[in-house]
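Please read the following report alongside the sequence and the coordinates; it takes up helix packing, then the sheets, then enclosed space.

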Amino acid sequence: MDPEILKSSFAVVERRAEFAVKYFYAHLFRHHPELRELFPTDFPEDMERQRDRLFAALTFVMDRLEDPELPDYLRDLGRDHRKYLAQPDHYAAVGSSLIAAFAAVAGSAWSGETEKAWSEAYGAIANIMLQGAWEAQHHGEPGWWDAEVVARTRHGDDLVVLTLRPRQRLTYSAGQYVSVSTPHLPGIWRPYSLANAPRPDRTVDLHVSRVEGGVLSTALVRQTRVGDVLRLGAPGGGLTLRTPADRPLTLIAAGTGWAPVKALLEQLEPAHEARLFLVARDIAYLYDQPSVDRLRARLPRLTVTHITPAPGRPKAQATERLLTALGNRAGWTRHDVYLAGPPDLVEEVADTLPSLGTPEGRLFHDLLPPTGGNRPLGAAEWLLDRPRPSWHNPTGRTPGA
Ligand SMILES: Cc1cc2nc3c(=O)[nH]c(=O)nc-3n(C[C@H](O)[C@H](O)[C@H](O)COP(=O)(O)OP(=O)(O)OC[C@H]3O[C@@H](n4cnc5c(N)ncnc54)[C@H](O)[C@@H]3O)c2cc1C
């Protein structure tokens with residue numbers, strides 16, 4: 001894999017991203033009409049968003065070509081793609097169309113050398129994803145989990161806690177997330193954190209906050225009822241507990257970032273020293289105080305700091321207040337830090353912590369998936385494809401060919 005060639009050619013394609021994305025889908029559906037049904041055609045709005053995500057997803061991988069966490073992320077992604085019934089042939093079809101789109105858009109900037117570099121890169125990426133899928137299949141894991149809603153608690157108009165009972169065993173670690181789909185919106189998946197450490201009765205909680213104009217969060221908050229069956233993808237994510245018992249830890253949770261942090265706290269030994277910063281856009285969004293109280297009772301060395309904006313002030317003030325509160329605390333060189341919340345807050349706090357003394361490698365948060373205009377990764381993950389020899393066949397490049 002040659003990162004320099006990939007990055008420079010991607011920079012050329014990126015300038016005409018909109019055309020490249022249209023070309024990609026036109027090429028894909030023309031050559032493989034059978035793939036059309038795997039995309040959410042009943043929801044053209046989501047299909048539009050998916051187009052944005054294509055380049056967000058590509059940029060995400062381009063930025064992390066040398067990140068040691070990328071292979072784990074890709075393995076999880078491949079495992080998760082089993083929910084789309086993604087087959088090796090599908091991967092290859094998408095990759096073929098992607099290369100065709102890039103070649104068409106880059107024009108004279110595209111060469112045999114560039115094509116080879118992209119083919120090799122996607123070969124490597126797709127192989128890791130397929131390996132993740134194969135390992136999951138080999139262990140008898142289902143492609144997805146059907147999970148019945150057994151309890152539902154609304155907190156105000158825009159937040160719901162759903163308790164689900166998966167029909168097959170769902171093995172995961174505290175702090176991980178799953179992608180979720182509802183029968184009300186088939187084909188639309190979004191990630192949500194599992195808000196509890198594994199329980200003996202195997203139920204899991206999701207904390208869903210409704211996003212204005214959000215497709216899935218609105219359906220989950222407003223339409224989901226006890227007895228509904230949701231679909232869950234494979235658990236993933238690296239925000240899992242890895243701190244030895246003799247090292248203190250700081251957990252910072254903003255909004256529904258509380259969900260994975262709560263799961264981590266449930267897994268903590270009672271003697272562990274920990275401090276929690278719980279951030280909300282206003283007091284009404286500090287929705288789970290009974291759980292905080294229960295955890296405090298179980299963890300005598302846990303301190304809790306609530307952070308909200310001053311009454312009437314914008315929610316951004318919560319971030320300012322959080323950064324001030326963090327700056328007023330000592331001991332950062334000793335602490336491991338776990339961080340979950342909206343991507344902009346996570347980025348800002350992650351940028352600040354090293355200057356407070358957090359040692360390198362001691363700050364844990366999920367690799368933030370590409371958002372495409374603040375939107376999470378969707379089925380455009382398809383682009384992480386496996387090359388096939390026909391990529392080098394120029395007649396396969398144009399939609400009309
Ligand atoms: C690893 C991970 C874990 C997550 N865990 C949770 C969780 O536990 N609980 C939870 O409620 N959400 C969680 N999310 C966010 C969730 O996946 C969805 O992005 C969110 O529910 C919006 O989806 P939607 O379909 O309603 O919005 P979309 O239809 O995708 O987007 C509609 C509009 O809302 C904007 N938008 C999308 N997401 C957000 C956002 N988070 N904040 C503000 N604006 C947004 C978009 O830019 C767009 O304009 C998590 C995300 C990730 C990446």
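## Helix packing

Contact here means heavy atoms within 4.5 Å. The model is a predicted one, and in it Ile5, Leu6, Ser9 and Phe10 of α1 meet Glu113, Thr114, Ala117, Trp118 and Ala121 of α6. By class, the residues of this contact between α1 and α6 divide into 6 nonpolar, 2 polar and 1 charged.

The axes of helix α1 (residues 3-14) and helix α6 (residues 112-138) come within 9 Å of one another and cross at roughly 110°, which means that α1 is roughly perpendicular to α6.

## The antiparallel sheet

An open sheet is formed by 6 strands in the order β4-β3-β6-β1-β2-β5, with antiparallel pairing. Because β4 (190-193) and β5 (204-209) stand at the edges and each has a single partner strand, one side of each is left without a neighbour in the sheet. From one strand to the next, the twist averages 45°.

At the β5 edge, strand β2 (residues 159-166) pairs with β5 in the antiparallel sense over 6 bridges, and Leu164 stands opposite Val204 in β5. Helix α8 (residues 258-267) packs on this sheet, where α8 touches β4 and β5, and the direction of α8 makes about 150° with that of β5.

## The parallel sheet

A further open sheet consists of 5 strands in the order β9-β8-β7-β10-β11, and here the pairing is parallel. Its edge strands are β9 (302-307) and β11 (363-364), each of which pairs on one side only. Strand β10 (residues 336-340) and β11 run parallel and are joined by 2 bridges, with Leu363 in β11 as the bridge partner of Val337.

Helix α8, already described as packing on the antiparallel sheet, also lies across β7 (249-254), β8, β9 and β10, running at about 150° to β7. Helix α10 (residues 316-327), for its part, lies across β7, β8 and β9, and runs at about 160° to β8.

## Enclosed space

How many cavities of 30 Å³ or more are there? The count comes to 3, and the largest cavity holds about 80 Å³ of space.

The largest cavity is lined by Gly255, Trp258, Leu278, Val279, Ala280, Tyr285, Leu286, Tyr287, Asp288, Gln289 and Val292. In this lining, β8 (274-279) and α9 (289-298) each supply at least two residues; by class, the lining has 8 nonpolar, 2 polar and 1 charged residues. Strand β8 thus appears both in the lining of the largest cavity and in the parallel sheet.

How values were computed:
Residues numbered from 1 in each chain as written. Predicted model: local features only at pLDDT ≥ 70, side-chain atom pairs only at ≥ 80, totals over all residues. Heavy atoms only, no water. 1 Å grid on protein atoms, 1.4 Å probe; cavity = no way out; pocket = protein on both sides within 12 Å on 5 of 7 lines; lining within 4 Å. Points joined across faces, edges and corners; volume = space filled by probe spheres on them. Helix = DSSP H or I, 4+ residues; strand = E, 2+ residues; numbered from the N terminus. Nonpolar A, V, L, I, M, F, W, Y, C, P; charged D, E, K, R; others polar. Axes fitted to C-alpha atoms, helices over the stretch in contact; angles between N-to-C directions. Parallel < 35°, antiparallel > 145°, perpendicular 65-115°, else oblique. Pairing = 2+ DSSP bridges.
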